[in-house]
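Please examine the following protein model. The questions concern the terms used to describe it.

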Amino acid sequence: MTEFRSDFLKVMEARGQLHQTTDETGLDALLQKERVAAYIGFDCTAPSLHVGSLVQIMTLRRLQQTGHKPIVLMGGGTTKVGDPSGKDEMRQLLTPAGIEANKKNIFRIFERFLKFGDGPSDAIVADNAEWLDRLEYIPFLRDIGRHFSVNRMLTMDSVKLRLERDAPLSFLEFNYMILQAYDFVELHKRYGCRLQAGGSDQWGNIVAGIDLGRRLADAELFGITSPLITTSSGAKMGKTAAGAIWLNADQRSPYEYWQFWRNTEDGDVGRFLRLFTELPEQEIARLETLQGAERNEAKKILATEATALCHGREAAQQAAETARQTFEEGAAAAGLPSFDIERARLASGIPVTTLAHLAGLTSSASEARRFIQGGGLRLNDAPVGDVRATASLEDLNAEGVIKLSVGKKQHILIKPV
């Protein structure tokens, strides 16, 4: 194992965030010698990023904390193409207006994790639409495309895996690697960027950018990747039965976000504390040795610290208190996620199975029926015993809501409007 001397690589290794480096000796020396500008690209395919992007966001945060300059590259241009990495089918093409709306929502996330401004280590944001939208096709093919070997591109994981599965790969997507490589060169030219970071699935694209920079500008560029995170049971990070764990509060409430981390598998507690919080190593080492019921306390600390970074300390503490009241006191807890329903519809009575599905507590009315048959669906903390049961205004509790629950940890408040 390399013994790094630069603060950034030391922290990345200690936190379990370092997977590959293109030239670790050269990069380590560069990081000691000067303030390095580094970038990670984020396409604008949805109105929020989810926790699958959190390792990369934390990479930029740790970069800034060790005195270097993060560049957040918004993929206003590359989103129009679609990254084939890890996909079996082409991404849905978005309108320019949709991409712009997503870009604004996503930037709100970075404002919570990074300091933006004009200072030496302040983060900056760029949008690759600024240069990609202006490219002329024939000049781009002649000046940039000639440096790429189709033979080599076919060996890259993002292309090879798609072809091995006999999944379609459009010519549009095939160009993604060239555009990402060009981004690196353009950021080097505009901002002196020397380092690109990303997940391990981006290794081929990062190496292509480094090679293009050498060919076009005789630039010495570097790349690092972080491991793709899976849970101890092998599940993909951030995917749950309820859907993706989004980082924007309007997509996933701070309480639900807190609860996601609270449900971390036992074997992942120490690893996730290092990756997704800023607790010191000594405290993490203590927490990961806890066993039995005490392990739950470590999970609560993980949940609160991770939520504080994403949504602020006050929202994290409120989420923790909501959970305490809900699980320890059986209270309705006003901080739980809620679902509004027309008062008139509730007045006439609505099947509990339908209500659970409408509120997003179950994926279907059929699933709600199965929960009822197994004793796992509750209305105001009382088990629902009949699959034909209905909910009405008569079920409103003292707070004027109906609390629906599935299992011990999924709750939602039904509010008549």
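The exchange below treats the chain as a whole and then one residue.

This is a predicted model, in which local features need pLDDT of at least 70 and side-chain atom pairs count only at pLDDT 80 or more, while totals for chains, interfaces and linings use all residues. Residues are numbered from 1 along each chain as its sequence is written, and side-chain values use heavy atoms, with hydrogens and water left out.

Q: What makes the protein chain as compact as a globular protein of its length?
A: The globule rule (2.2 Å times the number of residues to the power 0.38) is set against a radius of gyration taken over C-alpha atoms. For 417 residues the rule gives 22 Å and the radius of gyration is 24 Å, which is close, so the protein chain is as compact as a globular protein of that length.

Q: How many helices and strands does the protein chain hold?
A: The protein chain has 19 helices and 15 strands, counted as DSSP runs (H or I, at least four residues, for helices; E, at least two, for strands) numbered from the N terminus.

Q: Why is I301 called partly exposed?
A: Buried means under 20% relative accessible area and exposed over 50%, with partly exposed in between (1.4 Å probe, protein chains only). The relative accessible area of I301 is 28%, so I301 is partly exposed. Buried residues make up 49% of the 417 residues in the protein chain.

Q: Which residues does I301 touch, not counting residues up to four places away in sequence?
A: I301, found in helix 15 (residues 294-311), touches L279 and L287, contact meaning heavy atoms within 4.5 Å.
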